[in-house]
Amino acid sequence: MANIERFCSIFLLFLTVNLSINSISCEKSLLTNQAALFVFGDSLFDVGNNNYINTFRAAQANVWPYGQTTFKFPTGRTSDGRLIPDFIAEYAWLPLIPPYLQPGNSVNQFTYGVNFASSGAGALVETYQPQNVIPLGNQLKNFKNVETMFEEKLGDAETKRIISKAVYLIHIGPNDYFYPFSRNISYFQSHSKDQFVDYVIGNTTTVIEEIYKMGGRKFGIMNMGRLDCVPGMLTLDPTRIGSCFEPITELINLHNVRIPNVLRDIQRRFPGFKYSLFDSYSSGTEAMENPTKYGFKEVKKACCGSGPFRGSSTCGYKSGASRDFELCENVSDYMFFDGSHASEKANQQNAELMWDGPSEFVGPFTLKMLFQNV
C-alpha cells in the first residue's frame with residue numbers, strides 16, 4: 001500500500017510539473033505572438049499625457065469628477081471612466097496602455113504598447129499652439145524615440161517584430177476643425193473648406209505612411225464623429241440654440257466622404273497595409289436618434305459642466321470657495337460626460353463596435369481581425 005501511495009505521489013508530482021511547464025510555455029508563446037497597441041490622437045484617446053505638460057486648462061482632465069466611475073480619481077482621461085483605447089486593450093488581452101510621458105515607464109511596459117495622444121492635439125501643427133499640446137507630427141517623433149529604445153534594449157529583430165505585429169489606433173481632426181471657430185480666425189476667407197480638409201487628411205496620412213515605412217501594417221482609424229452636436233456646440237450659434245453647429249457639419253461631411261477613398265488608395269500603393277475604419281458619425285447619429293435603444297436618457301445635455309446643456313468646459317473647476325459646475329446624479333444615463341467628451345458607457349459601446357461590429361459601422365476589417373492576424 002505504501003509503494004502504491006508513493007507511486008501515486010511521484011506520478012502526481014510529475015503531472016503537476018509537466019502541466020506547469022506547458023502552461024509557462026503556452027504563456028510565453030502567447031506573449032511572443034501578442035500584438036502591441038500604439039495609440040495616437042487627441043482627447044478622445046489621451047489617457048494622461050497632458051498631465052505632464054504645461055498646457056491650458058481645457059486640455060487637462062486631472063481634477064475630480066473626471067475618472068469617478070472606474071478609477072475613483074482623475075487620471076487625465078476626459079471622461080468619468082475609461083476611454084476607447086482602454087477597452088480595446090482589454091478586448092485584446094493587453095494591460096492598460098500607459099501614456100508616453102508617464103514617469104517610470106520601462107521598455108518592458110512599452111512592448112505591450114504606448115499611448116501618445118494629447119488632448120487638444122490636431123493633425124495641423126498650428127492647432128492649439130502655443131498652448132503646448134502635442135500635435136500628431138510630434139506624437140510620431142515620440143514613437144520613433146520608442147523605436148530607438150526598443151533597438152537599444154531588445155535588438156533590431158525584436159523591434160521589427162513588435163512594430164510589424166502591432167495595431168496602430170488613430171483619432172485626429174476634431175480640434176483642427178473647431179480651432180478656427182474657437183479663435184474667431186478668418187481662415188476660410190483665404191482658404192476654401194476643401195483645401196482645409198485636404199490639409200488635415202494629408203497630415204494624417206503622412207503619419208500613417210511614416211509608420212508604415214517603420215514597419216507598421218495594421219491601422220485602426222476613426223472618422224469624424226458628431227462633433228457638431230456635442231453639448232458644447234449647441235449654443236455656438238445664438239440664433240439656433242439647441243441645434244447642431246452647421247459650419248463644422250460641413251467640414252465633418254467633407255472629411256468623412258474623403259477618408260475612405262484615401263485609405264483605399266494607401267492600401268493599393270502599400271503592400272500588406274490593412275485598416276479598420278470606424279464610422280463614428282453614423283454610430284453617434286444612431287445613438288442620438290434612438291437613445292433608449294442604447295440605454296441613454298439624455299443625449300444633448302452633458303453630465304458635468306455649466307451653462308445651457310452643461311456645455312461650458314467648467315467640469316471639475318472651482319471659482320474661489322464655491323463649485324461653479326453642475327454634476328448629474330447618474331452618469332450612465334448620459335451619452336456625454338462633459339461638453340465635448342463621451343461618458344464611459346458611450347466609449348464602451350463605440351469600442352465594442354470597433355472591436356467586432358457589423359460592416360455598417362466598421363470595415364473592411366474589425367480591430368479584432370487585425371489583432372488576430374499576428
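Start with Ser276, whose contacts reach well along the chain in this predicted model. Setting aside its neighbours within four places in sequence, Ser276 is in contact with Phe219, Gly220, Ile221, Met354, Val362, Gly363, Phe365, Thr366, Leu367 and Leu370. Ser276 itself sits in strand β5, which covers residues 274-278. Is Ser276 buried or exposed? With a relative accessible area of 3%, Ser276 is buried, since anything under 20% counts as buried. Its side chain also reaches the backbone oxygen of Phe365, at 2.7 Å.

Two of those partners lead on to other parts of the fold. Take Gly363 to begin with: the peptide bond from Gly363 to Pro364 is cis, with omega near -5 degrees. Pro364 belongs to strand β10, residues 362-364. There's another cis bond to look for, from Trp64 to Pro65, and there omega is near 15 degrees. Pro65 isn't in a strand; you'll find Pro65 in the loop between β1 (37-41) and α2 (84-91).

The other partner to follow is Met354, one of the buried residues of helix α10. This helix runs over residues 344-356, so to speak 13 residues in all. From its first C-alpha to its last, α10 reaches 18 Å, close to the 18 Å expected at 1.5 Å a residue. Which residues of α10 are buried? They are Glu344, Ala346, Asn347, Asn350, Ala351, Leu353, Met354 and Trp355. As background, an α-helix has 3.6 residues a turn, so residues three or four places apart point the same way.

Gln348 lies in α10 too, but with a relative accessible area of 28% Gln348 is partly exposed. Leaving out neighbours within four places in sequence, Gln348 is in contact with Phe87 and Tyr91. Along the chain, Gln348 and Ile84 are 264 residues apart, yet their C-alpha atoms are separated by 6.4 Å.

Now for a pair of helices. The axes of α4 (residues 136-154) and α5 (residues 156-165) come within 7 Å and cross at roughly 140 degrees. Why are they called oblique to each other? Because angles over 145 degrees count as roughly antiparallel and those from 65 to 115 as roughly perpendicular, with the rest oblique, α4 and α5 are oblique. On the α4 side, the contact is made by Phe143, Glu147, Phe150, Glu151 and Leu154. On the α5 side, Asp156, Glu158, Thr159, Ile162 and Ile163 take part. Sorted by class, this contact has five nonpolar, one polar and four charged residues.

Next, a few residues found in loops. Here they are with their relative accessible areas.

| Residue | Relative accessible area | State |
|---|---|---|
| Thr75 | 12% | buried |
| Pro98 | 10% | buried |
| Phe309 | 23% | partly exposed |
| Arg310 | 10% | buried |

Thr75 is in the loop between β1 and α2. Not counting residues up to four places away in sequence, Thr75 touches Val47, Gly48, Asn51 and Ala61.

Pro98 sits in the loop between α2 and α3 (107-110). What does Pro98 contact, leaving aside its neighbours within four places in sequence? The list is Val47, Asn105, Phe110, Gly113, Val114 and Asn115. Pro98 and Phe110 are twelve residues apart in sequence, and C-alpha to C-alpha they are 7.9 Å apart in space. Val47 turns up in the contacts of Thr75 and in those of Pro98.

Phe309 and Arg310 are worth a look for their backbone angles. Phe309 is in the loop between β6 (304-305) and β7 (318-319), and Arg310 is found in the loop between β6 and β7 as well. Phi of Phe309 is near 60 degrees, which is a positive value in a residue other than glycine. Phi of Arg310 is near 50 degrees, again positive in a residue other than glycine.

Finally, step back to the whole chain. The protein chain has eleven helices and ten strands. How much of the chain is buried? Buried residues make up 51% of its 374 residues. Among contacts with a separation of 6 or more, residues 24 or more positions apart account for 72%. The link between Ser276 and Phe219 and the one between Gln348 and Phe87 are contacts you can pick out yourself in the model.

Technical notes:
Residues numbered from 1 in each chain as written. Predicted model: local features only at pLDDT ≥ 70, side-chain atom pairs only at ≥ 80, totals over all residues. Heavy atoms only, no water. Helix = DSSP H or I, 4+ residues; strand = E, 2+ residues; numbered from the N terminus. Expected span 1.5 Å × (residues − 1). Buried < 20%, exposed > 50% of the residue type's maximum accessible area, 1.4 Å probe, protein only. Polar contact = N/O pair within 3.5 Å; in protein donor to acceptor, adjacent residues only side chain to side chain. Contact = heavy atoms within 4.5 Å. Axes fitted to C-alpha atoms, helices over the stretch in contact; angles between N-to-C directions. Parallel < 35°, antiparallel > 145°, perpendicular 65-115°, else oblique. Nonpolar A, V, L, I, M, F, W, Y, C, P; charged D, E, K, R; others polar.
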